[in-house]
Amino acid sequence: MTRKSAGNIVILTGAGISADSGIQTFRGSDGLWCGHRVEDVATPEAFRANPALVQDFYNRRRRQLLEPSIQPNAAHIALAELEKNWRGDITIVTQNIDDLHDRAGNKNLIHMHGELLSVFCNKCETRFHCREDVTTDHVCANCQETGTVRPDIVWFGEMPYRMDEIYEALSYCDLFIAIGTSGHVYPAAGFVAHAGLNGAKTVEINIEESQVASVFDEHISGRAAETVPEYVKQLLTYPDI
Ligand code: NAD
């Protein structure tokens with residue numbers, strides 16, 4: 001059983017932690033995600049209405065993620081070091097669909113909004129690792145159905161993954177840290193309140209205040225690639241949280 005006195009930490013990450021690796025965040029200043037309205041590419045309705053557009057959007061995101069220039073940055077690497085060297089549990093809950101935490105080496109990692117390098121079949125529900133483009137005439141390698149394989153992404157209106165595990169970790173953490181997330185997207189934006197009500201200290205790391213900034217105990221302002229390694233160093237030097 002997890003114990004509160006163990007010094008457990010939950011870290012929620014958002015698009016901002018990967019911005020320093022060259023991946024565009026969710027809402028640009030124009031309110032669009034890589035030139036598209038969210039309703040057109042990130043809902044089940046959009047996929048039903050125009051599967052070619054949605055597959056193409058995620059194909060482009062996947063191709064970009066696999067470019068050699070896209071690598072974990074100092075923030076991802078510092079969080080992997082923290083997991084290796086911390087006395088309690090470190091749980092990373094990421095809203096990101098990239099694999100930069102995985103590549104940095106974090107093991108106790110929850111991809112609550114799915115993963116770009118995964119697809120699944122709507123018919124037989126088999127998941128496949130995927131590094132290639134997927135088209136509307138793609139044939140499921142398991143059930144042989146055509147056009148049923150979709151990105152393994154939790155779209156707006158769908159239930160995020162592993163919520164029971166996330167709330168369990170939030171209930172037993174002593175420190176909750178949110179890095180590079182705007183606080184627009186629920187349920188993730190509500191995690192700080194849940195952790196705080198259960199007695200955790202709460203810290204936000206961002207280049208600007210998020211929508212839920214007032215709920216946090218502490219704010220650290222700056223780019224993730226600079227502030228996170230410094231914060232992790234402090235935690236490992238003075239581990240009494
Ligand atoms: P968001 O785009 O709404 O917010 C990004 C946040 O990061 C903002 O608060 C911004 O101030 C902050 N930020 C930007 N650059 C930063 C930096 N260098 N250092 C620290 N903070 C920085 O992103 P969100 O809150 O994660 O939105 C959620 C949705 O976006 C998720 O559902 C996710 O699936 C999707 N998304 C994921 C990726 C990815 O996988 N890398 C990229 C874009 C969108």
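Where is Gln144 found? In this predicted model, Gln144 belongs to the loop that runs between strand E5 (127–129) and strand E6 (149–153). Its phi is near 70 degrees, a positive value in a residue other than glycine. Most residues other than glycine have a negative phi.

The two strands that flank this loop belong to one sheet. This sheet is open and antiparallel, with 3 strands in the order E5-E4-E6. E5 and E6 stand at the edges, each with a single partner strand, so one side of each lacks a neighbour in the sheet. On average, neighbouring strands here are turned by 40 degrees against each other, direction ignored. Strand E4 (residues 114–121) pairs with E5 in the antiparallel sense, over 3 bridges. Within this pairing, Phe120 has Arg127 of E5 as its bridge partner.

A second open sheet contains 6 strands. Their order is E3-E2-E1-E7-E8-E9, and the pairing is parallel. The edges are held by strand E3 (109–111) and strand E9 (218–221); each has a single partner strand, so one side of each is left without a neighbour in the sheet. From one strand to the next, the twist averages 15 degrees. Strand E7 (residues 175–179) and strand E8 (residues 201–206) pair in the parallel sense over 5 bridges. Phe176 stands opposite Thr202 in E8.

E7 also borders a loop with an unusual backbone feature, if judged by the general pattern: most peptide bonds are trans. The loop lies between E7 and helix H8 (191–197), and Pro187 has its place there. The peptide bond from Tyr186 to Pro187 is cis. Its omega is near 10 degrees.

The ligand site was examined next. The ligand sits in the largest pocket. Around the ligand are 27 residues, of which Phe26, Ile97, Asp98, Ser182 and Asn206 come nearest. Among the secondary-structure elements, helix H1 (residues 15–19) gives the most to this shell, with 4 residues.

Several contacts reach oxygen atoms of the ligand. A polar side-chain atom of Ser182 lies 2.6 Å from a ligand oxygen atom. For Ile97, the contact comes from the backbone: an N or O atom lies 2.7 Å from an oxygen atom of the ligand. Gly180 also contributes through a backbone N or O atom, at 3.1 Å from an oxygen atom of the ligand. Taken alone, the ligand exposes 860 Å². The protein buries 93% of that area.

Two of the local features described above can be set side by side. Gln144, with its positive phi, sits in the loop between E5 and E6. Pro187, which follows the cis peptide bond from Tyr186, sits in the loop between E7 and H8.

Technical notes:
Residues numbered from 1 in each chain as written. Predicted model: local features only at pLDDT ≥ 70, side-chain atom pairs only at ≥ 80, totals over all residues. Heavy atoms only, no water. Pairing = 2+ DSSP bridges. Axes fitted to C-alpha atoms, helices over the stretch in contact; angles between N-to-C directions. Near = heavy atom within 4 Å. Polar contact = N/O pair within 3.5 Å; in protein donor to acceptor, adjacent residues only side chain to side chain. Areas by Shrake-Rupley, 256 points an atom, 1.4 Å probe, with all protein chains shown as cover. 1 Å grid on protein atoms, 1.4 Å probe; cavity = no way out; pocket = protein on both sides within 12 Å on 5 of 7 lines; lining within 4 Å. Sits in = over half its atoms within 2 Å of the grid points.
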